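Open the model in your viewer and keep the sequence beside it. The stops below go from one selection to the next.

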Amino acid sequence: MTIQIVVTFDLVPERLAPTLAAFQELARHTRREEGALRFDVFRSEAEEHTVVLVEDWADQEAIDLHMKQEYTRAFLAAVDGAFRTPARVHRLAEIGG
């Protein structure tokens, strides 16, 4: 079973453009990772400073490897201080039915 994660970010308005560019660059690299089954970046239509990541990973090992990548570290450095609140991470569990 894969690991699905949704992360929401509340961006500082003054950092919007460079932060969106950093997210795009991160997504471009991450999508090439073998264990990254989905890595999509969205901007909320209702809240212009909200970015949402929708991720699907093969397993925890793939996530751990992703977090060690140079481009992931570069992304984290680029967006340091760009969020008004801490990211909200939602690791999803399917509701049976």
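Which residues point one way from S3, and which point the other way? Select residues 50–57, strand S3, in this predicted model. Thr50, Val52, Val54 and Asp56 point one way, while Val51, Leu53, Glu55 and Trp57 point the other way. In a regular strand, side chains alternate between the two faces of the sheet. The residues of both sets are buried, and the strand is mostly covered, with eight of its eight residues buried.

**The sheet around S3**

Now show the other strands. Four of them form an open sheet in the order S2-S3-S1-S4, with antiparallel pairing. S2 and S4 (88–91) stand at the edges with a single partner strand each, so one side of each has no neighbour in the sheet. From one strand to the next, the twist averages 15°.

Select S2, residues 36–43. Seven bridges join S2 to S3, and the two run antiparallel. Phe42 is a good place to zoom in: Val52 of S3 stands opposite Phe42. Follow the chain from S2 to S3 and you pass through a hairpin of six residues.

On to S1, residues 3–10. S1 pairs with S3 in the antiparallel sense over eight bridges; here Phe9 has Val51 as its bridge partner in S3. S1 also pairs with S4, again in the antiparallel sense, over four bridges. For that pairing, pick Val6 and His90 of S4, which are bridge partners.

**Asp10**

Stay in S1 and select Asp10. Is Asp10 buried or partly exposed? Buried would require a relative accessible area under 20%. Asp10 has 22%, so Asp10 counts as partly exposed. Beyond the residues up to four places away in sequence, Asp10 touches His49, Ala82, Phe83, Arg84 and Thr85. For a distance check, draw a line from the C-alpha of Asp10 to that of Ala78: the two are 15 Å apart in space and 68 residues apart in sequence.

**The helices**

Select helix H1, residues 16–30. H1 lies across S1, S2 and S3, and runs at about 165° to S2.

Add helix H3, residues 70–78. H1 and H3 pack at an angle of about 170°, with axes 10 Å apart. Because angles over 145 degrees count as roughly antiparallel, H1 is roughly antiparallel to H3. To see the contact, show Ala22, Phe23, Leu26, His29 and Thr30 of H1, together with Tyr71, Thr72, Phe75 and Ala78 of H3. These residues divide into six nonpolar, three polar and no charged.

Next, add helix H2, residues 60–68. The axes of H2 and H3 come within 5 Å and cross at roughly 65°. On the H2 side the contact is made by His66, Met67 and Lys68; on the H3 side, by Glu70, Tyr71, Thr72, Arg73 and Leu76. By class, this contact of H2 with H3 has three nonpolar, two polar and three charged residues.

**Last stop: His66**

Zoom in on His66 in H2. What does the side chain of His66 make a polar contact with? The partner is the side chain of Glu33, at 2.7 Å. His66 counts as buried because its relative accessibility is 4%, and the cut-off is 20%. Setting aside residues up to four places away in sequence, His66 touches Leu26, Thr30, Glu33, Phe39, Trp57, Tyr71 and Thr72. One of these, Trp57, belongs to S3, where the tour began.

Technical notes. Residues numbered from 1 in each chain as written. Predicted model: local features only at pLDDT ≥ 70, side-chain atom pairs only at ≥ 80, totals over all residues. Heavy atoms only, no water. Buried < 20%, exposed > 50% of the residue type's maximum accessible area, 1.4 Å probe, protein only. Contact = heavy atoms within 4.5 Å. Pairing = 2+ DSSP bridges. Polar contact = N/O pair within 3.5 Å; in protein donor to acceptor, adjacent residues only side chain to side chain. Axes fitted to C-alpha atoms, helices over the stretch in contact; angles between N-to-C directions. Parallel < 35°, antiparallel > 145°, perpendicular 65-115°, else oblique. Nonpolar A, V, L, I, M, F, W, Y, C, P; charged D, E, K, R; others polar.
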